[in-house]
Amino acid sequence: MAMKKHIGSGILSAVGETPLVRLERLFQDSPARFHAKIEGMNPGGSMKDRAALSMVRGAIASGELIPGRSTVVESSSGNLGVGLAQVCRWFGLRFVCVVDPKTTPQHIATLKAYGAHLEMVTTADNDQGDFLHARIERAQQLAEEIADAFWPNQYANLLNARAQEGMMREVAEELDGKVDYLFVATGSCGTIHGCARYIAEHGLDTHIVAVDAVGSAIFGDVTCRRLVPGHGAARRPALHREGLADSVARMTDQDCVVGCRRLVAAEAILSGGSSGAVVSAVEQRAAELPEGAVCVLVLPDRGERYVDTIYSDAWVERHFGHIEHLWKR
Ligand SMILES: Cc1ncc(COP(=O)(O)O)c(C=O)c1O
């Protein structure tokens, strides 16, 4: 396992260089080999720390943000908000995070603890309870109203994707360029975009599996209500490009729960909902993967923020009934 290189000082020097661990127990029936990139080991708890740092650093370098004076405004109901709150606190930037009624109390408390200001939108985009359009509209409006404000716009910002080229470089270097399959969850498409770019530029022979949510508009048309946050989006992001993925796995909320519960049971890795989707996507294909194929699962965040949902037996029973038999095998 790579040692984290703490070059420089301060918490932001701990972003990136996350561990890549071998998974030897989860898919024992498969002839392939599996590694997990533990992105929850970033200091803010997710891979979005990389995106937050990259977008803010870029804006400081271009003069769009002035530490000690400017305000960052962004819409996020989750990990990017926490990543930005951390980066903004470090650089002395004010941060306004646009959230919605689905943002968990734990997330709100975390954002406040970093010193972020919260702006709540209350009108849903549709009867499926999506707030993405409302949040983005409000972020845009605030960025126009507030003096010296900057809106990173993660859905279209190439620096979001650039950050994840670094993540893919870490994976490729550790595996000497032999990555046969990469399973990656999609939301803003920053991660898959950055990985695909690194893979193309370095001539790797890697099959990229995009792990989207059933009911997401990224790789599908029909949207529907989703319970598990993180991956999936109510509209196709500007960072999406045709051909980013070699294949797509669209996973249900139940797949996320089952994948998370299997992962912690077999490997003692407590991860977030989209990691569960990634695990279930691999499970679906495990038998057809070639002998010895090197497969990498990007696990985007940690599980602590999901203890009241995915890891709560009462919550699982309320939404899916008795499904313990699906992970207690
Ligand atoms: C837990 C989790 N999984 C997956 C994603 C999707 O990543 P990306 O936005 O890079 O497509 C996100 C994005 O916020 C996330 O928070």
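A residue counts as buried here if 20 or more other C-beta atoms lie within 10 Å of its own. Keep that in mind for Ala 249, one stop on this quick tour of a predicted model. The chain is assigned two domains, domain 1 (11-46 + 157-326) and domain 2 (48-150), and a ligand lies between them.

**The two domains**
- Measuring from C-alpha centres, domain 1 and domain 2 sit 24 Å apart.
- Where they touch, domain 1 puts in 28 residues and domain 2 puts in 24 residues.
- On domain 1's side of that contact, helix H5 (residues 158-174) chips in the largest share, with 7 residues.
- That side of domain 1 is a mix of 11 nonpolar, 12 polar and 5 charged residues.

**Around the ligand**
- The ligand has 18 residues around it, and the closest are Gly 187, Ser 188, Thr 191, Gly 230 and Ser 274.
- Helix H2 (79-91) and helix H6 (190-201) are the elements that each give two or more residues to this shell.
- By type, the shell has 12 polar, 4 nonpolar and 2 charged residues.
- Both domains supply residues to the shell, so the ligand lies between domain 1 and domain 2.

**A look at Ala 249**
- You'll find Ala 249 in strand S9 (residues 247-251).
- Ala 249 is buried because it has 21 C-beta neighbours inside 10 Å, and the cut-off is 20 or more.
- Setting aside neighbours within four places in sequence, Ala 249 is in contact with Val 209, Val 211, Ala 281 and Gln 284.
- Phe 219 is 30 residues away from Ala 249 in sequence, yet their C-alpha atoms are 9.2 Å apart in space.

Definitions and conventions:
Residues numbered from 1 in each chain as written. Predicted model: local features only at pLDDT ≥ 70, side-chain atom pairs only at ≥ 80, totals over all residues. Helix = DSSP H or I, 4+ residues; strand = E, 2+ residues; numbered from the N terminus. Buried ≥ 20, exposed ≤ 12 C-beta atoms within 10 Å, placed from the backbone. Contact = placed C-beta atoms within 7 Å. Near = placed C-beta within 6 Å. Nonpolar A, V, L, I, M, F, W, Y, C, P; charged D, E, K, R; others polar. Domains from an automatic or database assignment.
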